[in-house]
Amino acid sequence: MSVCCALAPLPHSITFCNSVTTLSLFTTMPPKKKARTTRASAKKVLKDATPDTEGHGSDASAVAKPRRAVRGRRGGLQDMLNMPMDVLLEIMSLLQPRDLLNLARSTKDYRAFLMSRKSESLWKAARAQVPKLPDIPPGMSEPQYADFMFFTHCQTCLKPNVHAQKVAWDFGTRWCSYKCAQDSVEQNPSILYYVRAELGPVGGDHFLTYEYGLLGCRSEVYHKAQVKEFTEKYNALTKKDDKVALVKEYRSAMHERSSLGYSLRYWAEGCKAQKKDELLNKKQERWDAIKARFIEEGWQNEFAFMSRKTAESLLALPSVNKATKLTSQGWSKVKDDIIPTLELIRQKRLEAEQQAMLVHRLKLLRDACLEHQQASGKFGRPRTREEDYQPLAADLAYMPAFHEMINSPSNVEVTKRSFTELLGSWSDLAAEWFEQRKSEFRQCALRALGGTPAADVKDPLELAIVSFSCGQSPCRLDSGQLRWPQVLAHPCCRRYHDRYYTHARTTGDSAYHAAVFDVFQDSAFNGIPDRMRFASTLEETRAIISACGQDPESVTFAEMEACEARLTCKRCAKPDRCLIMDWRQAVRHLLSEHAKRHGYTAMDATEWELVPEAQRIAANALVPALQDSWLTATSRGEWRYSYNTVKFVCAWCRDFTSDKVKWTTNHVQNTHQVPAPVFEVDYYISDDLRYHTSPAGVWLFSASLVEDEKTQMTVKKGEGFYASLIPPPPVSVIDRILAGG
């Protein structure tokens, strides 16, 4: 039965009283609902209005009355009123106000009995069953108090589950929306402005009960009944003193009601929090029972490894997030929901245990390498250039013997002595590692030279046409000037920020490399195929070697270095000057001035002019002094014309590189306490740039430029000389160059 039907005879009002004044705050009940016509009666009326064509009389009992499905036993309390009065009163004295009000709403007999004033003692006893429940407000009946405190429906439209923020505690009313409250409240009544204007400061403060922010209102909301009552009393007075006294009386009553409303709100929020804690405790008990079941089945390690975030996600599952005890049927559903997650956790746990084992064994390898290096006297001194071609401790982790021992099963005992025995002679290990890297680069060269006579030579890495370039975008060495074995000293092959994918493509084990980096704080050498690639200047280099009069398919790098032939570029030659270059300088000139990526066409051997004997001898005479002066100026940090910025490295550590000599010397002084750093001892130019950083060439000027100041300065520095120029290229070649860009 609805609330309005159960409490229809009672005036649904709330009255607060004090010794000074009485205030009634009335709320309007919704109209009584109309009785619904049952299907049986409707069918009976229709049947009575239809003639009986078959001669059978109408039988109302032939239509069965539908029964509402109700769980549990029906009619269990129908004989309760027939019990002895003392037994009935004893039972009801143990109930709470919510139970009594629900019982009063069940039948007319219960309602008549419980709504009688003779049952007031039962309601008081019921309130005593509720811990810390505030006393009933003056002027409010027991059923009204129970309905307000223990039920959450709107007291106008009976909408259930009205949020606590929509309760007017000072009014003693609950509304679901402003639409339901608009007949009972108003905003900014005019009497307030009138009182303030007439009484001044006395009427400035609040003296009527109000709610702020109720139901989304951005202003104060007042109860219409109280406003009307105060207005009538205020207008009936003529003396100002009486009006002031009335305002003070209402203000005192307002504070009393506000204090009472606060206590009601505090108790309701406490009950809500207590209920929430009870639900959480029940859910926790269910979760503990679930964990106990899984631990019995052998998942204890997974629960110990489980993160808090994962546990919270499991607690949020519908089959787990219940405030009921775990049953056999519920356990079957929970098991189906959680087992997939536990299997993933088991996989991650095994991976973590494997990672921990790898880190432990790699630390043993690190300690063994440190002891081996200390015994060999490598500590306490700067390293040499030759040591840049040797493996680091991180490289040993990828050598077959060490890799196999580190990845051996967990039941195999691995100690530091195990790695010490494998280390043996460091020179033998370095030679083995060097041959492994050489084999990688040789295979890369053979793939690039496939189908040519150069691929049939004994060692293709010695050929002059074989060079490599760095494939990393921040690196400037993309011109194919990295040669074997200087490429082993290139720092991009050990870039530390490639932690998770370096070696992953070649070994398929990124976790292993992550463990190596965590232990050694350095990446192992990774050249082919992740970092290094065969230079794209193969055909251009062939053309330059051919212009020097050598066979590019068989001439070695050492032979080209000994070759005294010098070239000049026909594209860049001018009537009064030209640049004389050796073959390596010609390659760099090609890449910097006429590269394909800049839109230029490829240069063949016909576009390089061989310098005559006299000019070649004059140019070669300047090269040693020019190279020495260039290197000296570079080591001092002075700018010189070259094709690449010089990179200085610290000989005391592998963590510092810079293109500024001042920064390098400061690092050596401040970090390694070397008072006066010496070039080629405490720091040096990275060996991977040995054949890449040098002067661009020697300038040949015409005698007509003898009086030119710039050319005089160049000749004075030893970077050029005056002589007769090389004959200009044929017109057909010039036309072809201009036509090709």
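The legends below describe close-up views of a predicted model.

**View 1. Salt bridge between K243 and E198.**
A search of the whole structure finds 26 salt bridges, and one of them joins K243 to E198. The closest N and O atoms of K243 and E198 are 2.9 Å apart. K243 belongs to helix α11 (residues 240-296) and E198 to helix α9 (residues 190-199), so this pair links distant parts of the chain, 45 residues apart. K243 counts as buried, at 8% relative accessibility. E198 is partly exposed, with a relative accessible area of 30%.

**View 2. Salt bridge between R349 and E302.**
The side chains of R349 and E302 meet with an N to O distance of 2.9 Å. R349 lies in helix α14 (residues 328-375) and E302 in helix α12 (residues 300-305), so the salt bridge ties together parts that are 47 residues apart in sequence. Both ends fall under the 20% limit for buried residues: R349 has 11% relative accessibility, and E302 has 1%. The pair is also part of a network, in which salt bridges with shared partners join E302, R346, R349 and E353.

**View 3. Salt bridge between R616 and E564.**
R616 and E564 form a salt bridge, and their closest N and O atoms are 2.9 Å apart. The two residues come from distant parts of the chain, 52 residues apart. R616 sits in helix α24 (residues 613-635), while E564 is in the loop between α22 (557-562) and β10 (567-569). The relative accessible area of R616 is 10%, and the residue is buried. E564 is partly exposed, at 49% relative accessibility.

**View 4. Cysteines C563 and C548, without a disulfide.**
A disulfide is a covalent bond between the sulfur atoms of two cysteines. The structure holds zero disulfides. For C563, the closest cysteine sulfur is that of C548, at 5.4 Å, which is too far for a bond because a disulfide requires sulfur atoms within 2.5 Å. C563 counts as buried, at 15% relative accessibility. Another cysteine, C444, is buried as well, with a relative accessible area of 9%.

**View 5. The largest nonpolar core and the surroundings of V466.**
The largest nonpolar core has 73 residues. Within this core, L362, L365, F441, V466 and W608 touch the most other members. Leaving aside residues up to four places away in sequence, V466 touches A445, L449, P460, L461, R483 and F534. Another core, of 26 residues, lies apart from the largest one. Its members include L88, W123, M149 and W169.

**View 6. The second largest pocket and its lining.**
The second largest pocket holds about 940 Å³ of space. Its lining is made up of 28 residues. Nearest the centre of the pocket lie T152, A268, C271, K272 and K275. Helices α7 (142-150) and α11 each supply at least two residues of this lining. The most comes from α11, with eleven residues. Helix α11 also carries K243, the salt-bridge residue of View 1.

Definitions and conventions
Residues numbered from 1 in each chain as written. Predicted model: local features only at pLDDT ≥ 70, side-chain atom pairs only at ≥ 80, totals over all residues. Heavy atoms only, no water. Salt bridge = Lys/Arg side-chain N within 4 Å of Asp/Glu carboxyl O. Helix = DSSP H or I, 4+ residues; strand = E, 2+ residues; numbered from the N terminus. Buried < 20%, exposed > 50% of the residue type's maximum accessible area, 1.4 Å probe, protein only. Core = buried A, V, L, I, M, F, W, Y, C linked by side-chain atoms within 4.5 Å. Contact = heavy atoms within 4.5 Å. 1 Å grid on protein atoms, 1.4 Å probe; cavity = no way out; pocket = protein on both sides within 12 Å on 5 of 7 lines; lining within 4 Å. Points joined across faces, edges and corners; volume = space filled by probe spheres on them.
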